[in-house]
Amino acid sequence: MLKKLITFFLPWGLRRRLLHYWFGYDIHPTAHIGWAWVFPGKLVMKERAKIGHFTIGIHLDYIELGERVSVGRSNWITGFPSSEPSKHFAHQSDQRRSELIVGDHSAITKHHHLDCTNSIHIGRFSTIAGYRSQFLTHSIDIRHNRQDSIPITIGDYCFVGTNVVVLGGAKLPSYSVLGAKSLLNKAQGEEWGLYAGVPATLVKYMDKDYQYFTRQEGFVF
């Protein structure tokens, strides 16, 4: 804990070197972490990846942010490390990894909650937009009366609207949109879809000439 507190208050250049030396993190010289408390078991940040102020990232096995990934301020990213003994997830001892992996040029804006008790994978050029969305990989399995966890997958070139709920086992296919305030509670299979509602269903197909789906830089002006 003392080492974490020391690094938190240091200038970024020195903090990055100590995060590498003390914790074994792999942070590219052009990557940056603001005043954020981010201490997973292993952290990988590639070229120009960034994490904004007041984001929390704790109790995970692994966080990997690809090139030019942006994680905004005040996000809450938590999990339950698979290396820690747990009666809750003993039945998943060989199946569960607490991790967040975000592909190149993707963005998580601000004030979102990502429960990475199991893995959350976000593809390339995707946006978790707006505010206050929840990604929940674990819950109570009422059939077996125990805690359970299932991964969440967001494909490439996806747009996830504001204030959504995404549950364990859900998948948003590549080149798809999840409408604001929707509940994605299962794996969807059709790419180029607009999914919306509670629960989310395929509303229509997206036009493949929309420029969002062909952009070569993740940041949208």
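In this predicted model, Arg 16 is buried but takes part in no salt bridge. The nearest side chain of opposite charge belongs to Asp 26, and it lies 7.1 Å away. A salt bridge is counted here when a side-chain nitrogen of Lys or Arg comes within 4 Å of a carboxyl oxygen of Asp or Glu, so a separation of 7.1 Å falls outside that cut-off. Beyond the residues up to four places away in sequence, Arg 16 touches Ile 27, His 28 and Pro 29.

Arg 16 belongs to helix 2, which covers residues 12-23. The buried residues of this helix are Trp 12, Arg 15, Arg 16, Leu 18 and Leu 19. Together they pack against helix 1 (2-8), strand 1 (26-27), strand 2 and strand 3 (37-39). The length of helix 2 can be checked with simple arithmetic: at 1.5 Å a residue, its 12 residues should span 16 Å, and the end C-alpha atoms are 15 Å apart, which agrees. After helix 2 comes Gly 24, with a positive phi near 75 degrees.

Whereas Arg 16 has no salt bridge, the structure as a whole holds three. In one of them, the side chains of Glu 64 and Lys 46 meet with an N to O distance of 3.6 Å. This pair links distant parts of the chain, 18 residues apart: Glu 64 sits in strand 7 (residues 62-65), and Lys 46 in the loop between strand 4 (42-45) and strand 5 (50-51). Glu 64 is buried because its relative accessible area is 18%, under the 20% limit. Lys 46, at 35%, is partly exposed.

Another salt bridge joins the side chains of Glu 99 and Arg 97, with 2.8 Å from N to O. Here too a buried acid meets a partly exposed base: Glu 99 has 8% relative accessibility and counts as buried, while Arg 97 has 38% and counts as partly exposed.

A further salt bridge is formed by Asp 156 and Arg 124, whose closest N and O atoms are 3.9 Å apart. Asp 156 lies in the loop between strand 18 and strand 19, and Arg 124 in the loop between strand 13 (120-122) and strand 14 (127-131), so this pair ties together parts that are 32 residues apart in sequence. Both partners count as partly exposed, Asp 156 at 23% relative accessibility and Arg 124 at 35%.

The loop that holds Asp 156 also contains Tyr 157, between strand 18 (152-154) and strand 19 (159-160). Tyr 157 is buried, with a relative accessible area of 6%. Its side chain reaches the backbone oxygen of Arg 215 at 2.9 Å. With neighbours within four places in sequence left aside, the contacts of Tyr 157 include Arg 124, Phe 125 and Ser 126, as well as Tyr 175 and Ser 176. The residues in contact with Tyr 157 also include Tyr 212, Phe 213, Thr 214, Arg 215 and Gln 216. Arg 124 therefore appears twice in this part of the model, as the salt-bridge partner of Asp 156 and as a contact of Tyr 157. Glu 64, by comparison, is 93 residues from Tyr 157 in sequence and 18 Å from it in space, C-alpha to C-alpha.

Turning to the strands, nine of them form an open sheet in the order 2-5-8-11-14-19-22-24-25, with mixed pairing. Strand 2 (32-33) and strand 25 (201-205) stand at the edges; each has a single partner strand, so one side of each is left without a neighbour in the sheet. Strand 2 is also among the elements against which the buried residues of helix 2 pack.

Both kinds of pairing can be followed within this sheet. Strand 8 (residues 70-71) and strand 11 (residues 107-110) run parallel and are joined by two bridges, with Val 71 partnered by Ile 108 in strand 11. Strand 11 is also parallel to strand 14, through three bridges; the partner of Ala 107 in strand 14 is Thr 127. Towards the strand 25 edge, strand 24 (residues 193-196) and strand 25 run antiparallel and are joined by four bridges. Within that pair, Leu 194 stands opposite Lys 204 of strand 25.

How values were computed:
Residues are numbered from 1 along each chain as its sequence is written. This is a predicted model: local features need pLDDT of at least 70, side-chain atom pairs count only at pLDDT 80 or more; totals for chains, interfaces and linings use all residues. Side-chain values use heavy atoms; hydrogens and water are left out. Buried means under 20% relative accessible area, exposed over 50%, partly exposed in between (1.4 Å probe, protein chains only). Contact means heavy atoms within 4.5 Å. A polar contact is a pair of N or O atoms within 3.5 Å; within protein, one must be able to donate a hydrogen and the other to accept it, and residues adjacent in sequence count only if both atoms are side-chain atoms. Two strands pair if DSSP finds at least two bridges between them. Lys and Arg count as positive and Asp and Glu as negative; His and the chain ends are not counted. The expected span of a helix is 1.5 Å times one less than its number of residues.
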